[in-house]
Amino acid sequence: SCAVHCIWLLGYWPAQMTNDSWATVSDVAALHFADWHPYVYSMYVLVLFQFYPSVATVALFQIVMTSVLVCSILYFCLRRGVSSFIVAVFFFLFVCSIPIGLMNTIIWKDVPFSLAILALSFFCFAAQLFKKNHKSYVQIPSWQYPILACVIIAACHMRHNGIMFYAILPFLFVASLRWRDLGYLTGFLLLSFLTLNVWVPSWAHIQKTKGSPYHEVKTALAIMTHPNFYSVDREQDYKIMERYLGMPWSQVSQIFAAKWFTINDTGVAQHQYKPDLGYTEDGFNKKFLTRLISTNLPIFLSERTFGFFHSLAIDVSASDNRNGYFENPVQLTGSNLWPPGNFIFNHAIDATHPFPWLTSLVSGVDKWGRSYNGLISPQVLIWNLAIPFTLFCLIFFIEKFWSPITLFLFPNMAVAGGIFIVGAGESWRYFYYIYLAGIVVIPLYLAQRETLKRV
């Protein structure tokens, strides 16, 4: 699997980069960390650069970790009695997966974050399966504690929304671990929370960024441009948005009113890169947004529902301009590394492609995987996350809550719920962990059935 996935890396050598990737590399090169992106992810990249200072090192590490984790899970299923044919089918799907091949080549925090979710989910599954099968708790070997600690840190800190795992993990550990291990891990969670959220940011002088509330602006516009928008003082609310956006409301309403639920970046992206624009200026603040949401809850929920399922399903995976979005898998084919030696954020990376014919080959496969000619199209079958997500919901419905497979799925569903609340941002990559879990969920479910039918 590593060899096949390395073909993608050689084709897109040394890796694929977006502005997010460049920001991280810039922090690492300057040894000056900010919290626009999680500083833990920047330090993770810094550690990998100690082996060889290239983004290719990060991509290669992602390839190896993905292969080790998924192959270990499939081997676990094989040892638990799952048919070798079924395991071989899902191994084939994993090795030949276009999304996995592409995601491994891009320098995004979503990749280690998703791998950490998969690893923790599998850990809880295996511990609960052992408990159900042997009527006793699994004993965690001492050598596994450092590995588990690294995985926990990755889940909690590779993305900002990973903070929710500090609440989720104790709940999962109570269900599947003995009291001694539960105490150790709970203590580590507390120490990790204080160290990485309080002490290190202070000691290391992590810079607090003053970024624009990009998703909050989109939420406010979705509500205020809806035909049924309710406000006690509508004109005052319009004036607040006029001051913040720097354009008259008549112009804003013309831009967004026709497609209030598919607001793209055209009208607000320029604010994202203005460091002098603060969240609390001109009356646009959390209190203002909370009032909009609370008095227009049906509009808010409908906008979130559309954004969530639109990110999971077909249209958002297209690599053309039909949907008006740029933050989705189309970025995977639009690397900022070209032309060679591109210079962004005061940092240059040699982007010479060593194998042009291989670049052409993998690019052609990538474009084929995004082609859309109806429901039976490569794009629908390859990128459509609604398929595994529907399967997850079905398993939740038919299985008991404390079964191993539901514990495996619970972290994935919890993170998806959190993204629903804060907004999916029409970004497929925010749900990459669902794709990874979808590769192994059927073999794990069959492993559970084969193991417990003998009990």
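**Figure 1. Glu450 and its partner Lys453.** Glu450 in this predicted model is partly exposed, with 24% relative accessible area. Its side chain pairs up with Lys453 in a salt bridge, and the closest N and O atoms sit 3.1 Å apart. Lys453 itself comes out as exposed, at 59% relative accessibility.

**Figure 2. Asp110 and the charges around it.** Salt bridges with shared partners link Asp110, Arg159 and Arg429 into one network. Asp110 belongs to helix H7, which runs over residues 110–134. How buried or exposed is Asp110? It is buried, since its relative accessible area is just 1%, and the cut-off for buried is under 20%. Setting aside neighbours within four places in sequence, Asp110 touches Arg159, Arg429, Tyr430 and Tyr432. So two tyrosines, Tyr430 and Tyr432, turn up in that contact list alongside the two arginines of the network.

**Figure 3. Asp237 and Arg291, a link between two helices.** Here Asp237 makes a salt bridge to Arg291, with 2.8 Å between the closest N and O atoms. Which parts of the chain does this pair tie together? Asp237 sits in helix H12 (residues 234–245) and Arg291 in helix H15 (residues 286–295), so the bridge connects parts that are 54 residues apart in sequence. As for accessibility, Asp237 is buried at 2%, whereas Arg291 is partly exposed at 34%.

**Figure 4. Arg178 and Asp181.** This close-up shows another salt bridge, from Arg178 to Asp181, whose closest N and O atoms are 2.9 Å apart. Asp181 counts as buried, with a relative accessibility of 1%. For context, searching the whole structure turns up five salt bridges. As a reminder of what is going on in these views, side chains of opposite charge can pair when their charged atoms come close.

**Figure 5. Cys2 and Cys6, two cysteines without a bond.** How many disulfides does the model have? The count is zero. Why is there no bond between Cys2 and Cys6? The sulfur of Cys2 has its closest cysteine sulfur in Cys6, 6.2 Å away, and that is too far for a bond. To count as a disulfide, the two sulfur atoms would have to be within 2.5 Å. Looking from the other side gives the matching result: for the sulfur of Cys6, the closest cysteine sulfur is that of Cys2, at 6.2 Å. Both residues are partly exposed, Cys2 with a relative accessible area of 28% and Cys6 with 22%.

**Figure 6. The second largest pocket.** This pocket has a volume of about 1500 Å³. Its lining is made up of 45 residues, and those nearest the centre are Leu69, Ala119, Ile147, Leu148 and Val151.

**Figure 7. Who lines the second largest pocket.** Several helices chip in at least two lining residues each: H3 (39–49), H4 (55–79), H7, H8 (144–157) and H10 (179–203). Which element gives the largest share of the lining? That is H7, with 13 residues, and H7 is also the helix that holds Asp110 from Figure 2. Sorted by side-chain type, the lining comes to 36 nonpolar residues, seven polar and two charged.

Methods
Residues numbered from 1 in each chain as written. Predicted model: local features only at pLDDT ≥ 70, side-chain atom pairs only at ≥ 80, totals over all residues. Heavy atoms only, no water. Helix = DSSP H or I, 4+ residues; strand = E, 2+ residues; numbered from the N terminus. Buried < 20%, exposed > 50% of the residue type's maximum accessible area, 1.4 Å probe, protein only. Contact = heavy atoms within 4.5 Å. Salt bridge = Lys/Arg side-chain N within 4 Å of Asp/Glu carboxyl O. 1 Å grid on protein atoms, 1.4 Å probe; cavity = no way out; pocket = protein on both sides within 12 Å on 5 of 7 lines; lining within 4 Å. Points joined across faces, edges and corners; volume = space filled by probe spheres on them. Nonpolar A, V, L, I, M, F, W, Y, C, P; charged D, E, K, R; others polar.
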